[in-house]
Amino acid sequence: MDTNNLLRQLLMIGVGTTSLVAERVKQVSEEWVREGKFNPEQARTLMDEVMAQLNEGNGALEEQFQRLFRNTLQDLGVPRQAEMDELRGRLDRLERQVRDLENRAWK
């Protein structure tokens with residue numbers, strides 16, 4: 001299975017779940033207003049608080065998603081950018097040394 005596709009699906013599941021929870025809270029709060037259990041201001045406050053908590057949870061979910069993504073890439077053997085930069089630097093130094101040795105051999 002394509003790792004990128006799997007990660008995209010996991011992210012969409014998280015977004016979909018958040019949307020479903022928000023919609024359900026909205027429905028329940030509207031029902032409570034109709035039944036007189038809440039006034040409209042209380043319903044708005046409840047909705048705002050739930051959305052704030054969902055947004056906080058999304059930040060944690062995004063952090064977990066990024067950690068999972070990094071771990072998956074590491075498990076697959078994909079080097080980090082810092083490792084690639086280090087290897088490029090080493091390669092540049094070796095190429096320079098080979099050129100210097102070749103130049104010395106021709107003199």
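In this predicted model, the largest pocket has a volume of about 200 Å³, and this pocket makes a convenient place to begin a tour of the structure. Its lining is made up of Phe69, Arg70, Asn71, Leu73, Gln74, Val78, Pro79, Arg80 and Glu83. Sorted by character, the lining residues comprise four nonpolar, two polar and three charged. Helix 2, which spans residues 40–75, gives the most to the lining of this pocket, with five residues.

A step back to the overall fold helps to place that helix. The secondary structure of the protein consists of three helices and zero strands, and reading along the sequence gives the pattern α-α-α. The protein has 107 residues, of which 9% count as buried.

Attention can now turn to the interior. In general, nonpolar side chains tend to be buried together in soluble globular proteins. Here, the largest nonpolar core has five residues, namely Ala22, Val25, Met47, Val50 and Leu54. Two elements, helix 1 (3–35) and helix 2, each give two or more residues to this core. Of the elements involved, helix 2 gives the most, with three residues. Helix 2 therefore appears both in this core, where it gives the most residues, and in the lining of the largest pocket, where it also gives the most.

A closer look at one core member, Ala22, adds some detail. When its neighbours within four places in sequence are left aside, Ala22 is in contact with Met47, Met51 and Leu54. Of these partners, Met47 and Leu54 are themselves listed in the core.

Two serines of helix 1 offer a friendly contrast. Ser29 lies in helix 1, and Ser29 is buried because its relative accessible area is 4%, below the 20% limit for that class. Apart from neighbours within four places in sequence, the contacts of Ser29 are Ala43 and Leu46. Ser19 is found in helix 1 as well, but Ser19 counts as partly exposed because its relative accessibility is 44%, a value that falls between the 20% and 50% limits. The C-alpha atoms of Ser19 and Met51 are 9.8 Å apart in space, while the two residues are 32 residues apart in sequence. Met51 is also one of the contacts of Ala22.

Aromatic residues provide the last part of the picture. A pair of aromatic rings is described by the distance of the centres and the angle of the planes. A search of the whole structure finds one aromatic pair. The rings of Trp32 and Phe38 have centres 5.0 Å apart and planes at 70°, so this pair is edge-to-face, given that angles over 60 degrees fall in that class. As for their surroundings, Trp32 is partly exposed, with a relative accessibility of 30%. Phe38 is likewise partly exposed, and its relative accessible area is 23%.

Definitions and conventions
Residues are numbered from 1 along each chain as its sequence is written. This is a predicted model: local features need pLDDT of at least 70, side-chain atom pairs count only at pLDDT 80 or more; totals for chains, interfaces and linings use all residues. Side-chain values use heavy atoms; hydrogens and water are left out. On a 1 Å grid over the protein atoms alone, a cavity is a set of points where a 1.4 Å probe fits but cannot get out, and a pocket is an open set with protein on both sides within 12 Å along at least five of seven lines; lining residues have an atom within 4 Å of a point. Grid points are joined across faces, edges and corners, and a volume is the space filled by probe spheres set on the points. Helices (H or I, at least four residues) and strands (E, at least two) are DSSP runs, numbered from the N terminus. Ala, Val, Leu, Ile, Met, Phe, Trp, Tyr, Cys and Pro count as nonpolar, Asp, Glu, Lys and Arg as charged, and the others, Gly among them, as polar. Rings of Phe, Tyr and Trp (its six-membered ring) pair if their centres lie within 6.5 Å; planes under 30 degrees apart count as stacked, over 60 as edge-to-face and the rest as tilted. Buried means under 20% relative accessible area, exposed over 50%, partly exposed in between (1.4 Å probe, protein chains only). A nonpolar core is a set of buried Ala, Val, Leu, Ile, Met, Phe, Trp, Tyr and Cys residues joined through side-chain atoms within 4.5 Å. Contact means heavy atoms within 4.5 Å.
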